[in-house]
Amino acid sequence: MFERFSSGYYLGRMYVEPYDGTEAAIHHTEHEELNECVYATGRGVERTDFPLVMKLDSAHFPVVGDEGIPSGTLALPRDVVDSHALPDDRPVLLADAPRAAELLRYAGYDLDGIDDLIPA
């Protein structure tokens with residue numbers, strides 16, 4: 001679904017649509033699978049509850065898992081997107097662990113334990 005794009009991001013395509021939630025979200029199972037890939041250490045330390053960070057155009061969004069979101073879809077809160085341009089199939093960037101941690105800290109997220117998931 002996502003392939004390495006640059007030193008800080010993976011590139012993929014998702015159906016992007018506005019929704020009435022307060023946080024960007026993808027299907028819960030996909031969130032866990034991507035979380036395992038992004039934050040995998042190979043050292044037996046595995047967590048799947050940290051937000052992912054996705055970038056659409058020039059905006060970054062912390063992304064959580066939600067059972068109500070269809071598979072292959074990135075749902076964005078209506079108040080942060082131009083609903084006239086969506087829904088649409090779009091390229092989406094997914095931040096790797098170091099970049100995601102940097103962006104989440106900058107946004108004020110409490111990331112206790114995330115340093116254990118970032119490769120040295």
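The legends below accompany close-up views of a predicted model.

**View 1. Arg4 and Asp96 form a salt bridge.** Among the five salt bridges that the structure holds, one links Arg4 with Asp96, and the closest N and O atoms of this pair are 3.1 Å apart. Because Arg4 lies in strand β1 (residues 2-4) while Asp96 belongs to the loop between β7 (88-95) and α2 (97-106), the pair ties together parts that are 92 residues apart in sequence. Arg4 is partly exposed, its relative accessible area being 47%, whereas Asp96 is buried, with a relative accessible area of 8%.

**View 2. A salt bridge joins the side chains of Arg13 and Asp89.** The N to O distance between the side chains of Arg13 and Asp89 is 3.2 Å. Arg13 is found in strand β2 (residues 9-19) and Asp89 in strand β7, so this salt bridge ties together parts that are 76 residues apart in sequence. Arg13 is partly exposed, at a relative accessible area of 46%, and Asp89 is likewise partly exposed, at 39%.

**View 3. Arg78 and Asp20 form a salt bridge.** In this pair, the closest N and O atoms of Arg78 and Asp20 are 2.7 Å apart. Since Arg78 lies in the loop between β6 (73-77) and β7, and Asp20 in the loop between β2 and β3 (24-27), the contact ties together parts that are 58 residues apart in sequence. Arg78 is partly exposed, with a relative accessible area of 42%, while Asp20, at 67% relative accessibility, counts as exposed. As background to these three views, side chains of opposite charge can pair when their charged atoms come close.

**View 4. Strand β4 is largely enclosed by the rest of the structure.** This description of strand β4 (residues 52-56) rests on burial, because four of its five residues are buried, where buried means under 20% relative accessible area. Strand β4 runs antiparallel to strand β5 (residues 59-66), to which five bridges join it, and within this pairing Val53 stands opposite Pro62 in β5. Strand β4 also pairs with β7 in the antiparallel sense, over two bridges, and here Met54 stands opposite Leu94 in β7.

**View 5. Strands β4 and β5 form a hairpin.** Two residues lie between β4 and β5 in this hairpin, and Asp57, which is in the turn, has a positive phi of about 55 degrees.

Key:
Residues numbered from 1 in each chain as written. Predicted model: local features only at pLDDT ≥ 70, side-chain atom pairs only at ≥ 80, totals over all residues. Heavy atoms only, no water. Salt bridge = Lys/Arg side-chain N within 4 Å of Asp/Glu carboxyl O. Buried < 20%, exposed > 50% of the residue type's maximum accessible area, 1.4 Å probe, protein only. Pairing = 2+ DSSP bridges.
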